[in-house]
Every structure is written in C-alpha cells, then in structure tokens.
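These are my notes from a session of looking things up in one structure, written down in the order in which I went through the strands, the helices and the rings.

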Amino acid sequence: MSRIGNNPIAIPEGVTIEINDNIISVKGKLGELTQEFSDVAVKVEDGQAWVTRPSDSKDHKAKHGLYRSLITNMVEGVSKGWTKELELVGVGYRASNQGQKLDLALGFSHNIVFDLAPEVKVETISEKGKNPIVKLTSYDKQLVGHIAAKIRSFRRPEPYKGKGIKFVGEILRRKAGKSA
C-alpha cells in the first residue's frame, strides 16, 4: 500500500489544476507546469486533489506514490517556488552572474561560464571572510535540482580538505590524511 499516494494534495488559493486526457497542468502566480501521467486517476474536488490507482499491482503502487509526489511538487512550486543554494569552498573560488550567465572561477586555467534556463533566477552572494554562495530559484523543482547538480559537477567536493562546490548544509564524509 502506498502511504504517500493515499494522502490528499492540498491546493492553495490562486492555484488551478486542469486535467486533459493523461496530462495535468498546474497554474499559479509563479508559472505553469505540465506533467504526463499514466496508470493512475487524478480527481480534483473541494480544494484537494486525489490520486487513485486501478489495482494493487506492483507497477500501479509505484506510480501511485510517484505521481502524487510530482503533483505535490508542482503545486508547491507554482505557489511558493523552490530554492537550492550552493557553496564554493576553496581558496580563490569565486562566482558572479550577469543576468542568466553564471561565471565560476574554480581553480581551472579558465573561468566556467554557464548559461542558465530562463525559468531559473540566479543570485550570487559574496561576503568577505565567507565562502561564495550561488542561489538558484524557480517554480520547477526538477529543473532547479538538475541545474544545481550540473553546477556541482564542475568541481565536486573532495574528501580530504572539502574543497569544491557543495550544497549549503550538506555534510561531507571526510577522510584522514597521511599518517606520519
């Protein structure tokens, strides 16, 4: 039994859900998202959305929880938005942005210039004595997570000193160095 799939999805004010065939579209103040679904039924009534499955087969149970989570993320995204923060740990690591272009200095011979999707807003925070932070904001959780993972892949945190790009609040597993 999918415990996640059985929970109703609360629809806040200002958010509308439309279902056409096997496509659900969610509109809110921040934007509009669409998602294709299969093997489940979605119904909207009394400010709540319910996801139901036709049988108790393993595939239907898996999709039941999956689509309920995806729809919940869409509803929360168009009403509140999603944010990911990345921290650049290392001497000389810098980040700056010009509109939708993110310029990263990560110790390579050249800076990395990364073009962001127009749906994602980027902000760089650089304070003296603190590590630079890149803040990504959007209404699409999947897109924000994908772009954050791509930026992190430019210089993953290494296990000895912890240098690299990490998520804010991420706990790294550190290794001991050489013993004398």
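I began with strand 1 (residues 9–10), which pairs with strand 6 in the antiparallel sense over two bridges; the model I am reading is a predicted one. I looked up who faces whom across this pairing, and noted that I9 stands opposite A49 in strand 6.

I then turned to strand 5, which also pairs with strand 6 in the antiparallel sense, here over five bridges, and in which K43 stands opposite W50 of strand 6. Strand 5 and strand 6 form a hairpin with two residues between them, and I wrote down that D46 in the turn has a positive phi of about 55°. For the two faces of strand 6 (residues 48–52), I recorded A49 and V51 on the covered face, with Q48, W50 and T52 on the uncovered one. The partner of I9, A49, is thus on the covered face, whereas the partner of K43, W50, is on the uncovered one.

Next I checked helix 2, which has 22 residues and reaches 32 Å from its first C-alpha to its last, close to the 32 Å expected at 1.5 Å a residue. I listed its buried residues, among them H60, H64, Y67, R68, L70, I71 and M74. After helix 2 comes G81, and I noted that its phi is positive, near 95°.

My next entry concerns an open sheet of four strands, which has the order 11-12-7-13 with antiparallel pairing. Its edge strands are strand 11 (121–125) and strand 13 (164–167), each of which pairs on one side only. From one strand to the next I read an average twist of 25°. I also looked up what packs on this sheet, and found helix 3 (residues 141–153), which touches strand 7, strand 12 and strand 13, and whose direction makes about 5° with that of strand 7. Within the sheet, strand 7 (residues 82–89) and strand 12 (residues 133–138) run antiparallel and are joined by six bridges, and the bridge partner of W82 in strand 12 is S138.

W82 came up again when I searched for charges over rings: K141 lies over its face, at 4.5 Å from the ring centre. A second entry of this kind is R155, which lies over the face of F108 at 4.2 Å from the ring centre.

How many aromatic pairs are there? The count comes to two. F37 and Y67 form an edge-to-face pair, with 6.4 Å from centre to centre and 65° between the planes. I placed F37 in the loop between strand 4 (32–36) and strand 5 (41–45), and Y67 in helix 2 (residues 58–79), so this pair ties together parts that are 30 residues apart in sequence. I also looked up whether these rings are buried or exposed, and noted that both F37 and Y67 are buried.

F114 and F154 also form an edge-to-face pair, at 5.6 Å from centre to centre and with 75° between the planes. Because F114 lies in strand 10 (residues 112–115) and F154 in the loop between helix 3 and strand 13, the pair ties together parts that are 40 residues apart in sequence. My last look-up was the accessibility of F114, which counts as buried because its relative accessibility is 14%, and buried means under 20%.

How values were computed: Residues numbered from 1 in each chain as written. Predicted model: local features only at pLDDT ≥ 70, side-chain atom pairs only at ≥ 80, totals over all residues. Heavy atoms only, no water. Pairing = 2+ DSSP bridges. Axes fitted to C-alpha atoms, helices over the stretch in contact; angles between N-to-C directions. Contact = heavy atoms within 4.5 Å. Phe/Tyr/Trp six-rings, centres within 6.5 Å; stacked < 30°, edge-to-face > 60°. Buried < 20%, exposed > 50% of the residue type's maximum accessible area, 1.4 Å probe, protein only. Lys NZ or Arg CZ within 6 Å of the ring centre and 35° of its normal. Expected span 1.5 Å × (residues − 1).
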